[in-house]
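Colleague: Before we talk this model through, could you put it in front of us, and then let me ask how each term you use is justified?

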Amino acid sequence: MSGLVLQKVVKEFGVFRAVNDVNLDVPHGTFVCMLGPSGCGKTTLLRMIAGLDLPTSGAIRLDGEDITRVPTHKRNLGMVFQSLALFPHLTVGENIAYPLRIRKAPKEEQKKRVDELLSMIHLAGYADRPVSKLSGGQRQRVAIARALAISPKLFLLDEPLSALDAKLREAMQVELRQLQQKLGITTIVVTHDQREAMTMADTVVVMNGGEIRQAASPIEIYRRPADSFVADFIGQTNLIEAEADSQGRATVFGQPVAGLPLPPGAARATISIRPEDVHLTAPGAGALNGKVTFVRDLGGTIETFVDVAGRQIVAVSTPRARPEVAVGQPVGVALTPDVCVVLGK
Amino acid sequence: MTSVFRRLYFFLIALFLALPLIVVAGVSVNQKQTLAFPPEGFSASWYGEIFSNAEWRNALAASVTLALLSAMLAVAIALPLAWFLWRRVAPWANIFQLLGVAPFTLPPVITALGMLTFWATAGFYGQPWTAVVSHAIFFVTLPLVTLSLGFTSIDRSLVEAAATMGADESAIFRTVVLPLILPYIVSGYAFAFVLSLNEYIVAYMTVGFTMETLPIKIFNALRYGYTPTMASVTVLFVATAAVIFGLVARFGDLPKLLGAMASDEK
Amino acid sequence: MRREPPQNIGDYAPLLFPAAMLTVFFVVPFGTMIAVSFFQRQQGGFYMPAFVFDNYGRFLSAFFGGVLGFSLMLAIAVAICCVVLALPFTYLLTRTARSVQVIWLVALLSVLSLSEVIIGFAWSTLFSRTAGITNVLVALGFMGEAKALTPSFGAVLTGMVYQALPYTVLVLFPALVRLDPTLTEAARTLGASPIKAFFTVVVPALRNTITATLIMVFIFALGSYLLPQLLGRPQHWTLSVLITDQAIYQSNMPFAAAMAVFLVLVTLGLVALTVIAGRRGEAA
């Protein structure tokens with residue numbers, strides 16, 4: 001099949017297993033974000049796809065061909081490094097032309113392609129500048145142009161935007177996504193920033209402890225997290241333990257919640273409720289009762305911290321939609337079953 | 001208060017370092033062939049003597065040739081070694097790093113005597129080329145240290161980036177590593193060159209009876225009395241060293257070469 | 001790029017030339033010297049293979065003990081003088097503008113690269129009667145008449161400190177550059193004067209560096225082979241001078257080699273002792 005396929009990929013450094021039995025299909029033209037906390041194995045996985053590290057076992061296929069042991073320089077990749085790795089001894093133009101020069105492309109062709117790429121990244125006329133004279137965002141774009149110079153089969157980016165400030169980063173996310181859609185190139189980005197992943201990806205791959213916890217579209221990851229790690233890692237959430245009472249009804253903190261489905265036969269389960277789905281009511285009107293402990297007014301949204309039977313639940317709402325509450329005031333918490341996600345173990 | 005103290009202290013150290021050289025420079029322009037300071041009269045003829053007198057001229061030529069060749073050989077030994085140690089994990093290969101640093105760390109007499117016994121035993125004692133090899137080994141430490149520093153300053157992701165763009169090992173070395181390490185090669189060569197130019201004991205013990213380098217010539221002249229040419233040669237040496245190190249500082253990062261990695265942040 | 005172990009025999013190729021050169025022209029000569037130290041000396045400067053301890057036996061004399069003791073004492077004196085002079089200097093140097101630093105470094109390297117022959121000649125000129133420093137003092141009216149200051153112990157010590165001072169500064173330089181400047185700033189805000197901050201914060205923080213520098217300068221000074229000869233009297237000769245003398249002028253290679261081996265052992269032994277002492281000091 002066309003695209004990138006990882007089969008039972010394992011990487012061990014000594015006794016430490018950095019990547020554990022990873023399987024993943026990336027269809028041609030997909031934008032994948034690998035997301036996870038530091039040390040989760042996402043960068044190691046990317047380096048194995050690039051051939052910079054060899055898997056301990058397992059196979060990597062690209063368009064049906066097994067490339068597991070193909071050396072990096074024969075894989076026809078484009079890769080953007082976290083440090084960008086722009087060559088300090090070469091100019092902007094020479095940096096972008098490097099992959100063409102290595103492939104001994106004719107001089108005129110190199111020049112034509114460099115000009116093309118420079119105008120694509122809005123840096124036309126910068127060919128002769130030293131890279132040290134560029135701003136952070138400009139370097140970023142040069143690194144991207146250089147990686148795309150040969151129209152690679154695979155476009156890999158390792159934390160590419162981490163050095164930029166927040167505003168520029170958001171702008172580059174959009175730019176990168178638009179560029180990828182225009183070129184239709186299979187792209188894999190490693191990031192620890194979930195906003196970045198949500199902005200750019202067709203598929204978000206959430207990793208932890210060297211394993212893939214969930215691989216799905218951004219909205220599905222957010223709405224239907226596979227487990228409590230994913231639910232907690234992507235956005236903010238309330239994780240609540242639910243139990244079945246003697247009649248088999250689901251209860252939360254001892255109070256029955258009508259319509260909440262527990263997995264068949266399970267005595268208990270963890271449910272995830274996004275803060276924006278938690279609605280505050282008058283005391284006694286909701287499924288649960290609690291007391292307000294803290295109110296954080298962020299202008300655009302207001303977060304209300306409610307203590308329910310010793311556990312904290314956070315509700316987020318816009319100022320208009322929120323009933324007036326003050327610290328110390330008793331409130332009710334409404335839990336509608338359709339916003340409660342029952343997590344698998 | 002601190003700044004006054006600093007200036008005074010700097011001045012005293014500078015005076016201490018410069019004083020003998022000032023006197024030698026003064027002596028070198030004496031009109032007559034006497035050792036006198038302050039100089040009596042003024043004459044630059046003792047500088048001309050270095051080039052017009054066949055003995056001094058030959059010694060100069062011998063010294064420069066020796067320094068040029070031995071520094072080249074020292075770099076040729078140090079470059080592959082430093083590259084290998086940077087590129088590969090091979091703990092036992094560090095023994096060669098140690099061997100490369102040892103000759104310069106031990107008292108020079110040791111290396112000199114080792115060379116003397118070795119060349120005498122091997123039957124090459126007194127051959128001019130033995131001095132080239134001896135100096136190269138004696139000074140291999142200098143390019144080895146500058147090159148090791150230089151390699152550690154190369155971001156390894158540059159090498160990986162080149163590989164992802166299709167460069168194999170030799171193309172990476174040619175297009176990325178070599179251009180980045182070149183300043184360190186030049187400064188390593190410069191260090192070895194200047195020190196070889198000045199070196200006495202190893203040269204003396206290996207080829208001292210068959211060939212005169214400038215330091216040997218000065219020493220021999222010193223034992224048979226005084227001639228102002230010694231002074232003019234000394235000034236020439238100091239000036240050469242200052243010019244070469246000045247050039248290294250002009251085109252390279254001297255504080256960094258001397259191990260001050262933190263200087264980047266200033 | 002991850003550093004990886006060599007994958008195949010070809011990956012060792014770059015090591016071939018350096019390894020061969022260092023082995024053949026350093027390890028083998030060193031071994032030859034050790035071998036020669038056990039050889040039997042013959043008349044006329046020749047020697048023949050043997051395995052005798054005679055050359056080492058000669059150490060057991062009052063004369064040799066005196067030379068060894070003087071060599072060590074001189075090297076220690078030079079090391080202490082150099083570190084005492086260089087430490088505040090280097091500290092101040094690392095706190096000056098970069099351009100000033102570079103000028104000093106060029107000057108220090110130039111002096112450091114000077115041949116011992118040249119240093120010896122320059123100082124013997126400076127200490128001479130006809131062209132020396134005393135002429136300046138006479139001209140200024142501090143002295144009645146010019147006189148020679150060499151040969152003397154003071155001249156030897158001065159010459160050797162001159163030779164080793166740039167080396168000391170350059171050894172101290174990297175460590176002092178890396179020293180966190182906020183350390184002294186913190187001490188200043190706590191009420192210490194600059195000089196007090198230097199002695200109460202910088203010096204203790206650099207204790208290990210200072211010890212290491214003392215050892216390195218000590219070894220450097222032990223290697224001085226000409227200055228004691230040019231600026232001192234025969235009783236000021238060191239082991240290095242004696243080795244040169246035996247090898248070249250007395251043509252007694254086996255004895256020179258034995259002394260050289262002994263010098264290496266003394267050097268290594270003292271380094272080891274100091275390292276052990278340093279570890280114990282840290283543990284305490």
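Modeller: What follows is a set of questions on the contacts between chains, on one sheet and on two annotated domains, and the model we are looking at is a predicted one.

Colleague: What makes you say that Glu160(B) and Arg47(A) meet in a salt bridge?

Modeller: The rule asks for a side-chain nitrogen of Lys or Arg within 4 Å of a carboxyl oxygen of Asp or Glu. The side chains of Arg47(A) and Glu160(B) come to 2.6 Å, N to O, and 2.6 Å is within 4 Å, so the name applies. Between chain A and chain B the count is 1 salt bridge, while the polar contacts there come to 7 residue pairs.

Colleague: Which elements of chain A take part on the side that touches chain B?

Modeller: Two or more residues each come from strand 6 (77-80) and helix 2 (92-102) of chain A, and helix 2 of chain A gives the largest share, 4 residues. By class, that side of chain A has 11 nonpolar, 4 polar and 4 charged residues.

Colleague: How many residues does each chain bring to this contact, and how much area do chain A and chain B bury?

Modeller: Chain A brings 19 residues and chain B brings 17 residues, and together the two chains bury about 1,600 Å², with 67% of it on carbon and sulfur atoms. Within chain A, the residues that lose the most area to chain B are His73(A), His89(A) and Tyr98(A), which together account for 32% of what that side buries.

Colleague: Which numbers describe the contact between chain B and chain C?

Modeller: There, 96 residues of chain B meet 91 residues of chain C, and the buried area is about 8,400 Å², of which 80% is given by carbon and sulfur atoms.

Colleague: Why is the pair Arg88(B) and Asp11(C) called a salt bridge?

Modeller: The closest N and O atoms of Arg88(B) and Asp11(C) are 3.4 Å apart, which is within the 4 Å cut-off, so this pair also meets the rule. Across the interface of chain B and chain C the rule finds 1 salt bridge, and 8 residue pairs are in polar contact. Helix 1 (residues 2-28) of chain B supplies the largest share of the side that touches chain C, 15 residues, and by class that side of chain B has 76 nonpolar, 12 polar and 8 charged residues.

Colleague: What makes the sheet in chain A with the order 13-12-11-14-20 an open one, and why are strand 13 and strand 20 of chain A placed at its edges?

Modeller: The sheet has 5 strands with antiparallel pairing; strand 13 (255-256) and strand 20 (341-343) of chain A each have a single partner strand, so one side of each is left without a neighbour in the sheet.

Colleague: How do you know that strand 12 and strand 13 of chain A pair?

Modeller: Pairing requires at least two bridges, and strand 12 (residues 250-252) and strand 13 of chain A share 2 bridges in the antiparallel sense, so the requirement is met. As for partners, Thr251(A) is bridged to Pro256(A) in strand 13 of chain A.

Colleague: Where do the domain names come from, and which residues do they cover?

Modeller: They come from unreviewed UniProt entries: "domain: ABC transporter" is placed at residues 4-234 of chain A, and "domain: ABC transmembrane type-1" covers residues 68-274 of chain C. In the model, residues 4-234 of chain A are 36% helix and 27% strand, with the end C-alpha atoms 25 Å apart, whereas residues 68-274 of chain C are 78% helix and 0% strand, with the end C-alpha atoms 19 Å apart.

Key: Residues are numbered from 1 along each chain as its sequence is written. Chains are lettered from A and ligands numbered from 1 in the order in which they are written. This is a predicted model: local features need pLDDT of at least 70, side-chain atom pairs count only at pLDDT 80 or more; totals for chains, interfaces and linings use all residues. Side-chain values use heavy atoms; hydrogens and water are left out. Contact means heavy atoms within 4.5 Å. Buried area is the accessible area (1.4 Å probe) that two parts lose on being put together, summed over both. A polar contact is a pair of N or O atoms within 3.5 Å; within protein, one must be able to donate a hydrogen and the other to accept it, and residues adjacent in sequence count only if both atoms are side-chain atoms. Ala, Val, Leu, Ile, Met, Phe, Trp, Tyr, Cys and Pro count as nonpolar, Asp, Glu, Lys and Arg as charged, and the others, Gly among them, as polar. UniProt positions are given in the numbering used here, feature names are shortened, and annotations may be inferred rather than shown by experiment.
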